[in-house]
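Q: I'm new to this one, so pick a single residue and take me through it closely. Then tell me what the part around it looks like.

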Amino acid sequence: GDVLKKRKIAVLGSRSVGKSSLVIQFIENHFVESYYPTIENTFTKSINYNGVEYDCDIIDTAGQDEYTILNQKHAIGIHGYVLVYSVTSRKSFEMIQIVYDKIINFCGINSIPCVIVGSKTDLQPSRSRQVAPDEGKELAQLNHAAWVETSAKTNTNVAKVFQLCLGEIEKRSPNSKAE
Ligand code: GDP
């Protein structure tokens, strides 16, 4: 039989944009209203993408800012990235390019398999949106990344994040075998 394909996905972005909520909604199918600030957690889940089962490690990081030095754990052996901003925080959106550039500089390559995620869309009816969908799309295009808006609270597009991420990983290594 086939060997399970292992994939490592790291979730990065500013603090409190909803990284843990996204990952926990995906893994455990519930929304956590208040969660202890994450130091770092790794979750494992088997994800079916295009009829193939991938044994995925999902690393939920503590969060980054402009002064954070990229942890080499978040660059070495990582197959794909989920970079999260909140649609209600312009600062968190601006942090995406900073984190992206830190990763590519560390890895010495010019692009990485990546999904840029605009979180907390359920909050936008209260006029708290600070980042338009078109801005998210444009940033993703510039960085050859996928893009999606989500709500961990209403479980909107949460599973899609990880489908898109596996898509980005596989399209760059279509013949990769299980390792
Ligand atoms: P992290 O620091 O990026 O891991 O952020 P958390 O997952 O801990 O979330 C920070 C805060 O935002 C918490 O109070 C969450 O309940 C809240 N939050 C996270 N995702 C959503 C969402 O999709 N909608 C709403 N309304 N709140 C969210």
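A: A polar contact here is a pair of N or O atoms within 3.5 Å, where within protein one must be able to donate a hydrogen and the other to accept it, and residues adjacent in sequence count only if both atoms are side-chain atoms. By that rule, let's take K19, whose side chain reaches the backbone oxygen of S14 at 2.6 Å. Keep in mind that this is a predicted model: local features need pLDDT of at least 70, side-chain atom pairs count only at pLDDT 80 or more, and totals for chains, interfaces and linings use all residues. Residues are numbered from 1 along each chain as its sequence is written, and side-chain values use heavy atoms, with hydrogens and water left out.

K19 is buried (under 20% relative accessible area, 1.4 Å probe, protein chains only). Still, K19 has no salt bridge (a Lys or Arg side-chain nitrogen within 4 Å of an Asp or Glu carboxyl oxygen). The nearest side chain of opposite charge (Lys and Arg positive, Asp and Glu negative; His and chain ends not counted) is D60, 5.8 Å away. Leaving aside residues up to four places away in sequence, K19 touches (heavy atoms within 4.5 Å) D60, T61, A62 and G63, among others.

K19 sits in helix α1, residues 19–28 (helices are DSSP runs of H or I, at least four residues; strands are E, at least two; both numbered from the N terminus). As for the sheet, it is open, with six strands in the order β2-β3-β1-β4-β5-β6 and mixed pairing (at least two DSSP bridges between two strands). β2 (40–49) and β6 (146–149) are at the edges with a single partner strand each, so one side of each has no neighbour in the sheet. Within it, β1 (5–13) and β4 (80–86) run parallel, joined by five bridges, and A10 stands opposite Y81 in β4. Helix α1 packs on this sheet, touching β1, β2, β3 (52–61) and β4.

Terms used: Buried < 20%, exposed > 50% of the residue type's maximum accessible area, 1.4 Å probe, protein only. Axes fitted to C-alpha atoms, helices over the stretch in contact; angles between N-to-C directions.
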